[in-house]
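Biologist: Please take a close look at one helix in this protein. I would like to know which side faces in, what covers it and what comes after it. Then set it in the context of the whole chain.

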Amino acid sequence: MENTKSNFRNLIRERRSGGKSKFDFNLLISSPDFQVAQVVASYRSYGNEPDTKELNELILGASKRLLLPVLKPDHSLEFRSWSGDLTSLKVNGKIEEPIGREFSGAIDMMVVPALAIDKSGNRLGQGGGSYDRTLDKFKGFSVALINEDELVDQLPTESSDRRVSAALTPTRLIRF
C-alpha cells in the first residue's frame, strides 16, 4: 500500500515541478462555509504546493481569525494565530510557522495541503500523517488545495487516512 502511495507522491511532485496554477480563491471565499466561519486554519505553502499567499490575505481581509499550523516534535499539529506579519514567522525545516501561543478555541474551517484527492474525498498528503491525525478530531469544513489533474478516481487508503469535505482546484470547488 505505502509503495503505491509513494509512487503517487513521486508522480505528483514531478508534475508540480512544471509550475504553479493560478487559483480563483473567490470560489472558496464566496462559499457559505467560509461566510459563516469565524476562525479559519490555513498554511504557508512551500516548494511546488499551490500558493496560499493570496488566500491567506483574503482570509485576513474578510476579518476572519487566521491560524497556521506548527509541527510539534511528535509530528502532531497545533495552530497559532497569525496576523500576516512576516516577522512573526520562524522556519521549521521547510515550513514557516507563527510564533506565539497555541489557539485553544474552535476552528470552523481548515484549508489543508494535499498532493491528490479522489472522488470520495480521500486525501493523499506528504506521508507524515500530521493532517490525518488533525482531521480525525476536526468536525468543521475541511478543504484541500489541488491542481485540476490531482483529482483522481481513487487513491489507495489506509484506516488512518481521513477525508476532506471539499477540494479547491484552480477553477472549481468540489464537495464530497
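Modeller: What follows starts with the whole protein, goes on to the helix, and ends with a few single residues.

This is a predicted model. The protein has five helices and twelve strands. Its radius of gyration is 15 Å, close to the 16 Å that the globule rule gives for 176 residues, so the protein is as compact as a globular protein of that length. Along the principal axes, the C-alpha atoms fill a box of roughly 40 × 35 × 30 Å. Of the 176 residues, 47% count as buried.

Contacts over long stretches of sequence matter for the picture below. Take the contacts with a separation of 6 or more: 68% of them join residues 24 or more positions apart. The exposed surface is about 9000 Å², and carbon and sulfur atoms supply 48% of it. There are 25 positive and 24 negative side chains. The centres of these two sets lie 2 Å apart.

Now the helix. The part to look at is α4, residues 53-61. Its buried residues are L55, N56 and I59. They cover an arc of only 95 degrees around the axis, which puts them on the same side of α4. On the other side of α4, K53 and G61 are exposed.

What lies over the buried residues? The cover includes two helices, α2 (26-29) and α3 (32-36). It also includes the strands β1 (39-41), β2 (65-71), β6 (109-113) and β9 (141-145).

Follow the chain out of the helix. S63 comes after α4, and its phi is positive, near 60 degrees. That is a positive value in a residue other than glycine. S63 sits in the loop between α4 and β2. It is exposed, with a relative accessible area of 64%.

The chain then enters β2, one of the elements covering α4. R65 belongs to this strand. R65 is partly exposed, at 43% relative accessible area. Leaving aside neighbours within four places in sequence, R65 is in contact with Q38, V39, V40, S81 and F103. R162 is another matter: R65 and R162 are 97 residues apart in sequence and 25 Å apart in space, C-alpha to C-alpha.

Past β2 there is another positive phi. H75 lies in the loop between β2 and β3. Its phi is near 70 degrees, again in a residue other than glycine. H75 is partly exposed, with a relative accessible area of 45%. Further along, S83 is found in the loop between β3 (77-81) and β4 (89-92). S83 counts as exposed, at 58% relative accessibility. From S83 to M110 is 27 residues in sequence and 17 Å in space, C-alpha to C-alpha.

Go back to the cover of α4. Helix α3 is part of it, and D33 lies in that helix. D33 is partly exposed, with a relative accessible area of 23%. Beyond its neighbours within four places in sequence, D33 is in contact with M109, F141 and R175. The C-alpha atoms of D33 and D108 are separated by 8.4 Å, although 75 residues apart along the chain.

A second helix is useful beside α4. Helix α5 covers residues 130-137. Its buried residues are S130, Y131, D132, T134 and L135. Their cover includes β2, β3, β6, β8 (123-124) and β9. The strands β2, β6 and β9 are also among the cover of α4.

One buried arginine completes the tour. R16 lies in helix α1, residues 2-16. At 4% relative accessibility, R16 counts as buried. Not counting residues up to four places away in sequence, R16 touches N48, E49, P50, A114, L115, L145, I146, N147 and E150. R16 and G47 are 31 residues apart in sequence and 9.2 Å apart in space, C-alpha to C-alpha.

To return to your helix: L55, N56 and I59 are its buried residues, while K53 and G61 are exposed on the other side.

How values were computed:
Residues are numbered from 1 along each chain as its sequence is written. This is a predicted model: local features need pLDDT of at least 70, side-chain atom pairs count only at pLDDT 80 or more; totals for chains, interfaces and linings use all residues. Side-chain values use heavy atoms; hydrogens and water are left out. Helices (H or I, at least four residues) and strands (E, at least two) are DSSP runs, numbered from the N terminus. The radius of gyration is taken over C-alpha atoms; the globule rule is 2.2 Å times the number of residues to the power 0.38. Buried means under 20% relative accessible area, exposed over 50%, partly exposed in between (1.4 Å probe, protein chains only). Contact means heavy atoms within 4.5 Å. Accessible areas come from the Shrake-Rupley method with a 1.4 Å probe; for residues, only the protein chains shown count as cover. Lys and Arg count as positive and Asp and Glu as negative; His and the chain ends are not counted. The place of a charge is taken as NZ of Lys, CZ of Arg, CG of Asp or CD of Glu. The arc is that of the directions from the helix axis to the C-beta atoms.
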